[in-house]
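Reader: I am in my first year and would like to take a close look at a single part of this structure. Could you walk me slowly through how two neighbouring pieces meet, and then place something else beside that picture?

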Amino acid sequence: MQTRVLGKTGVMVSALGLGAMPLSVPDNRPAEEQAIAVIHHAIACGITFIDTADAYCLDDTETGHNERLIGKALRQLPASRREKVFVATKGGLIRPQRRWDRDGSPGHLRAACDASLQALGVDRIDLYQYHRIDPAVPLKESLGCLKELQQQGKIRFLGVSNFGINDLDAACSMVDIVSVQNEYSRRHRLPELVPPGRAPRPEPDTIGTLEYSHKHQLAFLPWSPLNGIGQAKSLGTTDAAVAGVAAARGVSPQQIVLAWLLAQGPQVIPIPGASRQSSISDSVKAVDLNLTAAELQALRAWQK
Ligand SMILES: NC(=O)c1ccc[n+]([C@@H]2O[C@H](COP(=O)([O-])OP(=O)(O)OC[C@H]3O[C@@H](n4cnc5c(N)ncnc54)[C@H](OP(=O)(O)O)[C@@H]3O)[C@@H](O)[C@H]2O)c1
């Protein structure tokens, strides 16, 4: 598996991560045994970067479900393999009645970080990402709290998610951020600069954050890189450009999309979700695809 450096940290992780959300969030999520087998399979395929969140669960009666699965799966591995895996989690969202509400208050973040440490079964979290800005709490208070937790040794690196350029500027002036995780896929291309004539969409306005991440040495982690749970499978029928390149290569449309994302910059580390081993076996092949200039040109058009 090829590796990429995680922002300015100097830490090398697999060029493709595992998004663990499908193991906990859908109603038809896999049973625990299968979920753990999926995590082990990802690691066996060379994946050393796993993305999770305390909020990846059905509702707030089981906060930390996804983190506990990952913690359990990792503890079953020999230390030499376990130590190679870098786990990124998040705090700042809560799941009352299955909603995705925000809570960026220092009180909540402190308790959430402690709960994540326990759920993952670690003394220090590799990467802790502020999941989404809570408009009710000044950014300085939320990030200031995370900085304190970092100073206490509970967090190794800090990242943010669902941040626009202005939010990133503000965050970088307050704390040392190493990554930004924003939605970026064939369907959702706001992180690219908006082409002339196309109006920006409403908040969260992540326009231009891809270039920003490169300029500021932040890792860029595209979330829902395959158009999201439930829509990933229709990629080959909804995106003609992807379907064309995939057919010519004789590979899956998902591989083409992931290779296209990897080609958007050396700072890009896509985190496709998976609940089946076969999805992972297929996706990891994208790392070695090396799309040609002609193929990238064919993929430039925005999906309708
Ligand atoms: N920061 C945020 O606000 C935020 C929001 C959403 C997601 N995320 C993160 O981003 C990760 C990825 O997003 P996502 O899981 O929503 O969507 P996604 O990665 O776009 O799509 C996930 C789905 O794609 C399928 N898939 C993956 N590789 C495939 C392949 N090679 N061929 C066919 N199907 C394939 C999987 O199917 P199977 O399940 O059948 O294997 C999975 O259900 C999440 O897991 C989470 O870690 C972050």
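Author: In this predicted model, the residues of helix α1 that take part in its contact with helix α2 are Glu32, Ala35, Ile36, Ile39, His40 and Ile43, and they meet Leu69, Ile70, Lys72, Ala73 and Leu74 on the side of α2. Sorted by character, the residues of this contact divide into eight nonpolar, one polar and two charged.

Two packed helices are described by the angle between their axes and the distance between the axes. Here α1 spans residues 32–44 and α2 spans residues 65–75, and their axes come within 9 Å and cross at roughly 60°. That angle makes α1 oblique to α2, and the crossing of the two helices is right-handed.

Beside this helix pair we can set a strand, β5, which covers residues 86–91 and has six of its six residues buried, so it is largely enclosed by the rest of the structure. In a regular strand the side chains alternate between the two faces of the sheet. In β5, Phe86, Ala88 and Lys90 point one way, while Val87, Thr89 and Gly91 point the other way, and all are buried.

The strand also has paired neighbours: strand β4, residues 49–51, pairs with β5 in the parallel sense over three bridges, with Phe86 as the bridge partner of Phe49. Strand β8, residues 125–130, pairs with β5 in the parallel sense over four bridges, and there Lys90 stands opposite Gln129.

Note on methods: Residues numbered from 1 in each chain as written. Predicted model: local features only at pLDDT ≥ 70, side-chain atom pairs only at ≥ 80, totals over all residues. Heavy atoms only, no water. Buried < 20%, exposed > 50% of the residue type's maximum accessible area, 1.4 Å probe, protein only. Pairing = 2+ DSSP bridges. Axes fitted to C-alpha atoms, helices over the stretch in contact; angles between N-to-C directions. Parallel < 35°, antiparallel > 145°, perpendicular 65-115°, else oblique. Left-handed = near helix turned anticlockwise from the far one by under 90°. Contact = heavy atoms within 4.5 Å. Nonpolar A, V, L, I, M, F, W, Y, C, P; charged D, E, K, R; others polar.
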